[in-house]
Amino acid sequence: MPQAERQMHLNAFLMGVGHHEAAWRHPRTEASRIFDAAHFQELARIAERGKLDAVFFADTLAVGHRLEHNVTTVFEPITLLAAIAAVTERIGLIATASTGYNHPFTLARAFASLDHISDGRAGWNIVTSGGADEAANFGLDQIPEHGERYARAHEFLEAAVRLWDSWEDDAIVLDEASGTFAVPSRVHRVDHTGHRFTIRGPLNSPRPPQGRPVLVQAGSSEDGIAFAARWAEAVFTAQQTLEEGQRFYAALKGRLAAHGRSPDELKVLPGIVPFIADTEAEAKALEQEFTELISPAYALRQLSQMLGVDLTEHSLDAPLPPLPPVHEIRGNQSRFQLVADLAQRESLTVRQLIARLGGGRGHRTFAGTPEQVADELETWFTQGAADGFNVMPPYLPGGLEDFVDTVVPLLQERGLFRTDYTGRTLREHYGLQRPAGVFTRSSGAQVAV
Ligand SMILES: Cc1cc2nc3c(=O)[nH]c(=O)nc-3n(C[C@H](O)[C@H](O)[C@H](O)COP(=O)(O)O)c2cc1C
């Protein structure tokens, strides 16, 4: 697409009362609102006021080590997004769900329901669940091996796609005169027989309005990139520098042709944690206020988990100890690499590294004026590092309001972002085609009336 016509895509990645790990302790937030569905409904309406493409919720299937010092996920995302669908009209609704600990039939059904309930606004952030605490909740002694997790994800998607497609688009006729609800020959068994799942089908839901929910993926390891190239229509990623972002963008887009896909069929959306204020000095001072509220004990546990080494007794003022090679990491390989590279590139002590990761757990934090934030986004967007962004407000709702009220208008003035929605579905917001079903019409089939 010519650069002049390209439009940026913006998601609001919403988490508790903000992405900064100490957000809940800061006076700009009200921590108890994480238990309040109305809080998330209000956030979605703010994002919709800004004409953002989607709201997005992450998820993990365990309480884990965050409990003492950080707010943990409270609501299951698909359930929460159904509540948000009821109070919004246009904004996309992206839920994280695991291929590791779900079954394709039940999850395909849940996403089909969300897509129907929202008139075509559902997206699925497909994750493979790399946490030991998650494995323990599902009867496993350890995290399933990285390659196996992705192999299961591939099979999961093969089955889910056939399930969504199992009802042809015109299977339902609702012909009151003849008493015909649906045409049986247009509703298909999927007959999936794989290594991990055996599913007859059809799905007990008509085809979703978007055909399938928008498929989003967020792992950036070699296996993750291969998975994204085959399946993903949007990729969430953490990239610290413009050069890394450009490398990742080119590498991922370059993998699409092998699957018969064009570069426009996948949107690359890095995360950004913006601290916004009237002056750069104020924005940096605001970031510092949050940094000072970080609990070192919590941050060390978080870092230990990311890096696969126990740092809980490690000196805060020393550099990182030697790390294991990336292929030995069973969990999140790409985030391991990002943190290891960041510490080495900038010769950071553990204390400095913790401060850098506090805003977005590895996503790029940027403190500046609305113009500086808009400039930064424009640079990444025009210099081949992004098709848009996952905006991760460090505190909520204020950080999202500031972004919508001060940065979005600048992007609109520059012709980089829509001034109103032109489509109704998430696919339309992202400029993605509605996929044709895998089951072709059985020609000449007669309806048994
Ligand atoms: C923006 C972003 C959001 C993510 N959200 C989740 C999440 O909600 N739940 C989860 O289990 N993993 C999440 N992940 C992790 C990845 O989906 C993936 O499972 C992990 O990176 C391991 O894959 P990899 O080794 O291929 O990188 C997220 C990653 C990114 C970049």
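How many Å separate an oxygen atom of the ligand from an N or O atom in the side chain of S221? Select the ligand and S221 together to find out: the two atoms are 2.4 Å apart. Before you go on, keep in mind that this is a predicted model.

**Stop 1: around the ligand**

Stay with the ligand and select S334. An N or O atom in the side chain of S334 is 2.5 Å from a ligand oxygen. Then click on Q333, where the backbone takes over: one of its N or O atoms lies 3.0 Å from an oxygen atom of the ligand. On its own, the ligand has 610 Å² of accessible area, and the protein covers 92% of that.

Now show the whole shell. There are 21 residues around the ligand, and those that come nearest are D59, H146, Y150, S221 and S334. Try colouring the shell by class: you should find 14 polar residues, five nonpolar ones and two charged ones.

Which elements supply at least two residues each to this shell? Select β4 (122-127), α5 (146-164), β10 (234-237) and α10 (333-345) to see them. Of the elements, α10 gives the most, with three residues.

**Stop 2: a tilted pair of rings**

Next, look for aromatic rings. The structure holds twelve aromatic pairs. Start with F56 and F236: their ring centres are 4.5 Å apart and their planes meet at 55 degrees, so this pair is tilted. F56 belongs to strand β2 (residues 54-57) and F236 to strand β10, so the pair ties together parts that are 180 residues apart in sequence.

Are these two rings' residues buried or exposed? Switch on the surface to check: F56 is buried, with a relative accessible area of 3%, and F236 is buried too, at 5%.

**Stop 3: a stacked pair of rings**

Move on to Y101 and F138. The centres of their rings are 4.4 Å apart and the planes are at 10 degrees; planes under 30 degrees apart count as stacked, so that is the name for this pair. Y101 sits in the loop between β3 (92-98) and α3 (104-117), while F138 sits in the loop between α4 (132-137) and α5, 37 residues apart. Y101 is buried, with a relative accessible area of 13%, whereas F138 is partly exposed at 39%.

**Stop 4: a cluster, and a charge over a ring**

Select F111, W124, F156, W164 and F197 together. Ring pairs link these residues into a cluster. Then pick R6 and F381: the charged end of R6 sits over the ring of F381, 3.9 Å from the ring's centre.

**Stop 5: a buried serine**

Select S166 in the loop between α5 and β5 (172-175). What is its relative accessible area? The value is 0%, so S166 counts as buried. Show polar contacts for S166 and follow each one. The S166 side chain reaches the backbone oxygen of L163 at 2.7 Å. A polar atom of that side chain also lies 3.1 Å from the backbone nitrogen of L203.

**Last stop: a glycine in a loop**

Finish at G50, in the loop between α1 (37-49) and β2. G50 is buried, with a relative accessible area of 3%. For a last try with the distance tool, click the C-alpha atoms of G50 and A97: they are separated by 26 Å, and the two residues are 47 residues apart along the chain.

Terms used
Residues numbered from 1 in each chain as written. Predicted model: local features only at pLDDT ≥ 70, side-chain atom pairs only at ≥ 80, totals over all residues. Heavy atoms only, no water. Near = heavy atom within 4 Å. Polar contact = N/O pair within 3.5 Å; in protein donor to acceptor, adjacent residues only side chain to side chain. Areas by Shrake-Rupley, 256 points an atom, 1.4 Å probe, with all protein chains shown as cover. Helix = DSSP H or I, 4+ residues; strand = E, 2+ residues; numbered from the N terminus. Nonpolar A, V, L, I, M, F, W, Y, C, P; charged D, E, K, R; others polar. Phe/Tyr/Trp six-rings, centres within 6.5 Å; stacked < 30°, edge-to-face > 60°. Buried < 20%, exposed > 50% of the residue type's maximum accessible area, 1.4 Å probe, protein only. Lys NZ or Arg CZ within 6 Å of the ring centre and 35° of its normal.
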